[in-house]
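Visitor: Hi! I'm new to this one, so could you walk me through it?
Guide: Happy to. Let's put it on screen and start with the strands.

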Amino acid sequence: MTQSVCILGVTGSIGQSTLRVLEQHPDQYSVYAVTAYSRIDELLAICKRVNPQVVVIPAEKIVQLKQLFIDAQLEHIEIRVGSEGLISVASAPEVDIVMAAIVGAAGLLPTLAAVKAGKRVLLANKESLVMSGDIMMQAAREHRALLLPVDSEHNAIFQSLPHNYLSLSPTGSPQLGVSQILLTASGGPFLDYPDDLLSQVTPQQACKHPNWSMGQKISVDSATLMNKGLELIEACHLFSISEHFVTVVVHPQSIIHSMVQYVDGSTLAQMGNPDMCTPIAHALAWPERIATDVPALDVFAHAQLNFRQPDTQKFPSLTLAREAMRSGGLAPCILNAANEIAVEAFLNHKIKFTSIPEVVEHVLNHVQNDKATSIEHVLEIDAVARQVAGRYIQQIRG
């Protein structure tokens, strides 16, 4: 039977990779809804390809898209708008699978809606768990949603864990013979860059990832290692494990996507070419496997794999994230909000690359941490943290 898919963030790199996989299996999957934020021309091209029943866009884009649909004879596709539109398609009864690939805090509410609707949720929006991990995981348990990781590292961990690990009651300690999670990081474009020149790097340099094709925001996060910090927080929530059981390992080749160590001395690793179609296909079909166009790993072409410890002096964002997870409560939400504002300022040439962690640390020190009591509470603190970050950026710009 064909399964119906909703793709939140279809024009991004994850959304495009999802389409690649789905189009190879038209007998198994159909696209019910797609959403986009600003790339309306790309959205139109996608609608011509997959003919969804519903699209969701910002309200200010509706006139433009309606005219494009008329010109392309696609008036039969329903257009919904804004956050309400996102929530409606993510929780629609017609949908079996939701790909949560909206970047940043904007993906939180529709992802939570999909979880509360009991969907199979393919989680590529790590910020949802960073901002509201306790709330999201509790909702998944209560509504029996299947929350499957799509980030290559978390998907690799999932593949390397015992098959029933996600169904265990949360304890914070490793279970079923697991002793530690090894979360791999490429190290980003500045791994061996001189420390004293980091303050001079440009957004163009920061967005040039050595191994992966990603959007601007996640590319900058990878360059600061904040992306790995956010992934550490995500791993703690997904696998119900305390942060001191998660070790970050810099692996520049991005061939081993992460590892799990066991009490008997075994270390299981998931390997593959750096292509997001692999984890997407795994999460779509789990516990089965489906084919992709990703070539099998040529082990002879990758005869040497290197590993090293992260330089947290050079890249303090990783330490900030670990400390936020250790503090618990709303600290990860505050961290994420400050980072989003700081990265946006860097991309707009308002602050230096090295000022990004400085902004994050300032906000963590000036916004009161507390226990997350509701999603409204999370969003309230998120807004406060963004305001504090914005004011501090104005201050350091002079």
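Visitor: In what order do the seven strands of the open sheet lie?
Guide: The order is β4-β3-β2-β1-β5-β6-β7, and the pairing is parallel. Keep in mind that this is a predicted model.

Visitor: Which strands stand at the edges?
Guide: Those are β4 (78-81) and β7 (146-149). Each has a single partner strand, so one side of each lacks a neighbour in the sheet.

Visitor: How much twist is there from one strand to the next?
Guide: The twist averages 25°.

Visitor: Back to the β4 edge. How many bridges join β3 to β4?
Guide: Four, with β3 covering residues 54-57 and the two strands running parallel. One example is V56, whose bridge partner in β4 is R80.

Visitor: What does helix α1 touch on the sheet?
Guide: Helix α1 (residues 13-23) packs on the sheet and touches β1 (3-8), β2 (29-35) and β5 (97-100). The direction of α1 makes about 160° with that of β1.

Visitor: New topic: helix α5. Is it largely enclosed or largely open?
Guide: Helix α5 (residues 108-116) is largely enclosed by the rest of the structure, because seven of its nine residues are buried. The buried ones are L108, P110, T111, L112, A113, A114 and V115.

Visitor: And what follows α5?
Guide: α5 is followed by G118, which has a positive phi near 75°.

Visitor: Let's jump to α13 and α14. How do their axes cross?
Guide: The axes of α13 (residues 331-347) and α14 (residues 355-366) come within 8 Å and cross at roughly 145°. The crossing is right-handed.

Visitor: Which residues meet there?
Guide: From α13 there are A331, I334, L335, A338, N339, A342, V343 and F346, and they meet I356, V359, V360, V363 and L364 of α14. In this contact, 12 residues are nonpolar, one is polar and none is charged.

Visitor: Why might residues three or four places apart in a helix point the same way?
Guide: An α-helix has 3.6 residues a turn, so residues with that spacing point the same way.

Visitor: Last one: how many disulfides are there in the whole structure?
Guide: Zero turn up in a search of the whole structure. Take C6: the nearest cysteine sulfur belongs to C47 and is 12 Å away.

Visitor: Is C6 buried or exposed?
Guide: C6 is buried, with a relative accessible area of 0%. C207, on the other hand, is partly exposed, at 23%.

Key:
Residues numbered from 1 in each chain as written. Predicted model: local features only at pLDDT ≥ 70, side-chain atom pairs only at ≥ 80, totals over all residues. Heavy atoms only, no water. Axes fitted to C-alpha atoms, helices over the stretch in contact; angles between N-to-C directions. Left-handed = near helix turned anticlockwise from the far one by under 90°. Contact = heavy atoms within 4.5 Å. Nonpolar A, V, L, I, M, F, W, Y, C, P; charged D, E, K, R; others polar. Disulfide = S-S within 2.5 Å. Buried < 20%, exposed > 50% of the residue type's maximum accessible area, 1.4 Å probe, protein only. Pairing = 2+ DSSP bridges.
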